[in-house]
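Student: I should like to learn how to read the features of a structure that is new to me. May we go through it together, one feature at a time?

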Amino acid sequence: MVVAGIGMALGVLAAVLVSRPLAAFLVDGLSTHDPVAYAATTLTLTVVALAAGWIPAWRAARVDPMAV
């Protein structure tokens with residue numbers, strides 16, 4: 001989760017920095033600095049990162065060490 005957190009922080013920073021040049025491609029009425037979009041994206045990526053680590057760990061914990 002540390003690596004995912006660092007990646008998300010760098011991604012949000014990069015999105016904020018690149019949003020001004022890309023504003024010309026947006027439809028009228030959309031904001032380049034939408035905190036709800038940034039929060040929703042970060043939350044979604046956090047849930048995916050947690051599932052990516054938790055599901056294999058849960059499956060590995062259910063296996064008998066002597067059988068492996």
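Student: How many aromatic pairs does a search of the whole structure find?

Tutor: The model is a predicted one, and a search of the whole of it finds one aromatic pair.

Student: What describes a pair of aromatic rings?

Tutor: Two values serve: the distance of the centres and the angle of the planes. Here the partners are Trp54 and Trp58, whose ring centres are 6.0 Å apart and whose planes stand at 20 degrees. Planes under 30 degrees apart count as stacked, so the pair of Trp54 and Trp58 is stacked.

Student: Where do Trp54 and Trp58 lie?

Tutor: Both belong to helix α2, and four residues, about one turn of the helix, separate Trp54 from Trp58.

Student: Is Trp54 buried or exposed?

Tutor: Trp54 has 54% relative accessibility and therefore counts as exposed. Its partner Trp58, at 41%, counts as partly exposed. As a further point on Trp54, its C-alpha lies 16 Å from that of Leu43, and the two residues are 11 apart in sequence.

Student: I turn now to the helices. By what are two packed helices described?

Tutor: One gives the angle between their axes and the distance between the axes. In this structure, helix α1 covers residues 2-22 and helix α2 covers residues 35-61. They pack at an angle of about 155 degrees, and their axes are 11 Å apart. An angle over 145 degrees counts as roughly antiparallel, and α1 and α2 are therefore roughly antiparallel to each other.

Student: Is the crossing of α1 and α2 left-handed or right-handed?

Tutor: The crossing of these two helices, α1 and α2, is right-handed.

Student: Which residues in α1 and α2 meet?

Tutor: From α1 come Ala4, Met8, Val12, Ala15, Val16 and Ser19; from α2 come Tyr38, Thr42, Leu45, Thr46 and Ala49. Sorted by class, this contact of α1 with α2 comprises eight nonpolar residues, three polar ones and no charged ones.

Student: Is Ser19, in helix α1, buried or exposed?

Tutor: The relative accessibility of Ser19 is 9%, so Ser19 counts as buried.

Student: With which residues is Ser19 in contact, leaving aside its neighbours within four places in sequence?

Tutor: With those neighbours set aside, Ser19 is in contact with Thr32, His33 and Tyr38. Tyr38 is also among the α2 residues listed where the two helices meet.

Definitions and conventions: Residues numbered from 1 in each chain as written. Predicted model: local features only at pLDDT ≥ 70, side-chain atom pairs only at ≥ 80, totals over all residues. Heavy atoms only, no water. Axes fitted to C-alpha atoms, helices over the stretch in contact; angles between N-to-C directions. Parallel < 35°, antiparallel > 145°, perpendicular 65-115°, else oblique. Left-handed = near helix turned anticlockwise from the far one by under 90°. Contact = heavy atoms within 4.5 Å. Nonpolar A, V, L, I, M, F, W, Y, C, P; charged D, E, K, R; others polar. Phe/Tyr/Trp six-rings, centres within 6.5 Å; stacked < 30°, edge-to-face > 60°. Buried < 20%, exposed > 50% of the residue type's maximum accessible area, 1.4 Å probe, protein only.
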